[in-house]
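Here are my notes after going through the model you sent over. I've kept them as numbered points so you can reply to each in turn.

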Amino acid sequence: MATQQSRAAARLMIAPAVFVLLVWMLIPLCMTLYFSFADYRPLRGVFEAWIGFKNYESFLTSSSFLKAVGTTLWMVAGILSITIIGGILFALLLDQPMFGQGIVRILVIAPFFVMPTVSALVWKNMFFNVDNGLFSYLYKFFGMQPYDFLSQAPLFSIIVIVAWQWLPFATLILLTAVQSLSSEQLEAAEMDGAPGIKRFWYIILPHLSRAVTVVILIQTIFLLSIFAEIFVTTNGAFGTRTLTYLVYQRVLESQNIGLGSAGGIIAVILANIVAIFLMRIVGKNLDK
Amino acid sequence: MARAITKQKKIMWTALAWGLGLLIFFPILWTFLTSFKSEVTAISDPPVWFFFDWTTENYTAVLERSNYPLALTNSIIIAVGSTILGIIFAVPAAWAMAFVPGPKTKDVLLWMLSTKMLPAVGVLYPLVLVAKWLGLMDSRILLIVILMLINLPIIVWMLYTYFREIPGEILEAARMDGASLKSEILYVLTPMAVPGIASTILLNIILAWNEAFWTILLTTVNAAPLTKFISSFSAPEGLFYAKLSAASIMAIAPILIMGWFSQKQLVRGLTFGAVK
C-alpha cells in the first residue's frame, strides 16, 4: 500500500547512497579510461592526450601481461581448490556430533579475521624463513635440507598463505549449507543401505552445489585483487606478479600512467565477466 | 527413529576435529606464544613451546615506539569513522528499499553490489591524483571516505536483508492504532532494527580494519593504520620475531574477539543473502 507520497520519500532516502556510489564509480573509471588512451609519463614530463589504442596494444602483447594472467589464474585456481575441498571436509566434520563444537568452530574461523599484512608477515618470517622458520626446524628434524619456500616456491607459498586466510570463509558458508540439509533424506538413504561415499556423492554434494558456486564466485572476485600478501612477501618478484600487481607497478612504480590505465581497464573487464555470473545467482535469490 | 550416536564415535570425531582445528589455529597460537618470548628464545633451535621465561617486554617495547600508538589510533578512527558514515548513508536507503519496494528496487540493489566488484587497480591512479589535488594524501578523512564507499554496498545489503524480515503487519497494526509516522519509526521499527544494525556495524568495522590495499597505498605515516604499520616490518634488521609477534597480536586481538561474536552474521553479510 505504498502511496505516491511514500514512493517519493523512498526515492529521496535512497538517493544519497546511489549518488555517492555513482560518483565513486563513474568519475575515477572515466579518468582511467581517459588516461588509457593517453601517453602519460609524469616522471619524464611526457603527456600526449590521444594515442589511440597503443597502450592496450602494448599492454596486451607484452610478455609480462601473459605471464601475469598465467600467475593470476594459477594463484586463484590453487587457492580455490584448497579452500573448496578443505571447506567441504571441514563443514562435514563440524556437522558431526562432538564435544566442544563451538570452540572448534572458533579455532577454524579465526584466520579470517587476521589482517592480510599480519598473516603474510607471520607466515613469511616464522614459518617459511629458511634460517629460523618453523618449517626449517621440521626439515632439519627429519634430517633434510631446509627449503627456502619464498624464493624456491614463491607462488606456492603465497597460495598457502591466502588459502589459510580464506579456508574459514568457505568452511563457514558450506557449513551453513550442510546444516540446512534435511536429516530425514539422509536417514532414509542410510536405511536403504547406501554407503557413506554414495550418500556424499548423490545427496550431500548436489545439495552443496549452490553454496560452492557462491563461494567460488565471491572468492574469485576478492582473489583477483590480492595485493597485500604479495606486497609484503615477494613484492611481485619470482613469478608472483599477478595482473593486479602488474598494474600497480606500472602505475605507481614506473609511473607509466597510460599503460597502467589500459591494464586497469582490462582488469575491470575481466572481473566483470566473473561478476555477471555472481549477480545472476544473487538476482535469482532476490525474487524468492 | 533417532540415530543412536555411540560414545566412541563421538570421541573419535571430537579428537579429529580438535586436532585439525588446532592445526588451522596454530599460526595464531604460535604468534601469541612467541610474543611473550625474549628475542633469543624466539629463534632458539629446537623451538620452545610453553616452558620459557614469559615476558611482556615486547609489548612495552612496541607500545613505546612512537608509531605504534599512532597506527592504532588511526586504525580505530578509520574503521569506526567509515562504518558510521556508511551507516548514515545506508540506513535510509535500505529502509526505503525494504519497506517501500518499487519496480526498480532489485536493479538498484544489484547495481550497488556491482560497484563492489570493481577491481581497485582500475581506479588507482585517478584516486591518487584526486587525493594529491585535494591535498588529502596520507589523511584519515580520505581513507574514511574511501573505505566507506568500498563497504557501502555490503552495509546496504546486510541492512536490507535484516529490515525485510521485519513483518509489515506490525506496521499496519501500529497505524490502525493511530500511531503517527514518527512514533511508528521510534517505538515500533527502531527496536526491531537495532540488532541488525549492530551486527552490520560489527562486520564492517572488521572489514575496514583489515582493508589492505588503499590503506597501504594512500598513507605514509600520519594516517597509516595498523595494516600499513605492520607491513613496515617487512624489511627489518636483527632480532625481531618476538616484537613482530607482539605487534601482530595487538593488531589482531580486538578484531578476533569481535569476529567471534559476529560469526553468525558473517555468512549473511558476505554472500548477499545467496546462502541461507
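1. Let's start with B:Thr227, which sits in helix 11 (residues 226-231) of chain B. This is a predicted model, so read everything below in that light. B:Thr227 is buried, because 27 other C-beta atoms lie within 10 Å and the cut-off for buried is 20 or more. Its contacts, once residues up to four places away in sequence are set aside, come from both chains: A:Met115 and A:Thr117 on one hand, and B:Glu211, B:Ala212, B:Thr215 and B:Ile216 on the other. As for B:Glu211, the C-alpha to C-alpha distance from B:Thr227 is 7.5 Å, with the two positions 16 residues apart in sequence terms.

2. Elsewhere in chain B, have a look at helix 6 (residues 124-133), where B:Leu124, B:Tyr125, B:Pro126 and B:Leu127 are buried. Just after helix 6 of chain B comes B:Gly135, with a positive phi of about 70°.

3. What does chain B look like as a whole? Chain B is built with twelve helices and zero strands, so the pattern along the sequence reads α-α-α-α-α-α-α-α-α-α-α-α. Chain B is also more spread out than a compact globule, because its radius of gyration is 24 Å and the globule rule gives 19 Å for 276 residues. Along the principal axes, the C-alpha atoms of chain B fill a box of roughly 75 × 70 × 35 Å. Of its 276 residues, 42% count as buried. If you take the contacts in chain B with a separation of 6 or more, 80% are between residues 24 or more positions apart.

4. Now the contact between the chains. Chain B puts in 85 residues and chain A puts in 86 residues. On the side of chain B that touches chain A, helix 1 of chain B gives the most, with 16 residues. Sorted by class, that side of chain B has 63 nonpolar, 17 polar and five charged residues.

5. One helix pair across the chains deserves its own point. Helix 5 (residues 116-128) of chain A and helix 1 (residues 7-34) of chain B have axes that come within 11 Å and cross at roughly 75°. That angle makes helix 5 of chain A roughly perpendicular to helix 1 of chain B. Which residues meet there? From helix 5 of chain A there are A:Val122, A:Trp123, A:Met126 and A:Phe127, and from helix 1 of chain B there are B:Pro27, B:Trp30, B:Thr31 and B:Thr34. The residues of this helix contact split into six nonpolar, two polar and no charged.

6. On to chain A, which has 13 helices and two strands. Its radius of gyration is 24 Å, whereas a compact globule of 288 residues would be near 19 Å. The box filled by the C-alpha atoms of chain A is roughly 75 × 75 × 30 Å along the principal axes, and 42% of the 288 residues of chain A count as buried. For contacts in chain A between residues at least 6 apart in sequence, 69% join residues at least 24 apart. The domain assignment splits chain A into domain 1 (1-35) and domain 2 (61-287), and the centres of these two domains, taken over C-alpha atoms, are 33 Å apart.

7. A:Ile173, in helix 8 (residues 154-179) of chain A, is another residue worth opening in your viewer. Is A:Ile173 buried or exposed? A:Ile173 is buried, with 25 other C-beta atoms within 10 Å. Leaving aside neighbours within four places in sequence, A:Ile173 is in contact with A:Ala211, A:Val214 and A:Val215, and across in chain B with B:Val267, B:Thr271 and B:Val275. The C-alpha atom of A:Ile173 is also 8.5 Å from that of A:Ala91, which lies 82 residues away along the chain.

8. Last, two backbone angles to check in chain A. A:Asn235, in the loop between helix 11 (228-233) and helix 12 (243-253) of chain A, has a positive phi near 55° without being a glycine. With 15 C-beta neighbours inside 10 Å, A:Asn235 counts as partly exposed. A:Gln255 is not a glycine and has a positive phi of about 55°; A:Gln255 is found in the loop between helix 12 and helix 13 (257-287) of chain A. A:Gln255 counts as partly exposed, with 16 C-beta neighbours inside 10 Å.

Notes: Residues are numbered from 1 along each chain as its sequence is written. Chains are lettered from A and ligands numbered from 1 in the order in which they are written. This is a predicted model: local features need pLDDT of at least 70, side-chain atom pairs count only at pLDDT 80 or more; totals for chains, interfaces and linings use all residues. Axes are lines fitted to C-alpha atoms, for helices over the stretch in contact, and angles run from 0 to 180 degrees between N-to-C directions. Helices (H or I, at least four residues) and strands (E, at least two) are DSSP runs, numbered from the N terminus. Angles under 35 degrees count as roughly parallel, over 145 as roughly antiparallel, 65 to 115 as roughly perpendicular and the rest as oblique. Two residues are in contact if their C-beta atoms, placed from the backbone, lie within 7 Å. Ala, Val, Leu, Ile, Met, Phe, Trp, Tyr, Cys and Pro count as nonpolar, Asp, Glu, Lys and Arg as charged, and the others, Gly among them, as polar. Domain bounds come from an automatic or database domain assignment. The radius of gyration is taken over C-alpha atoms; the globule rule is 2.2 Å times the number of residues to the power 0.38. A residue is buried if 20 or more other C-beta atoms lie within 10 Å of its own, exposed if 12 or fewer, and partly exposed in between; C-beta atoms are placed from the backbone.
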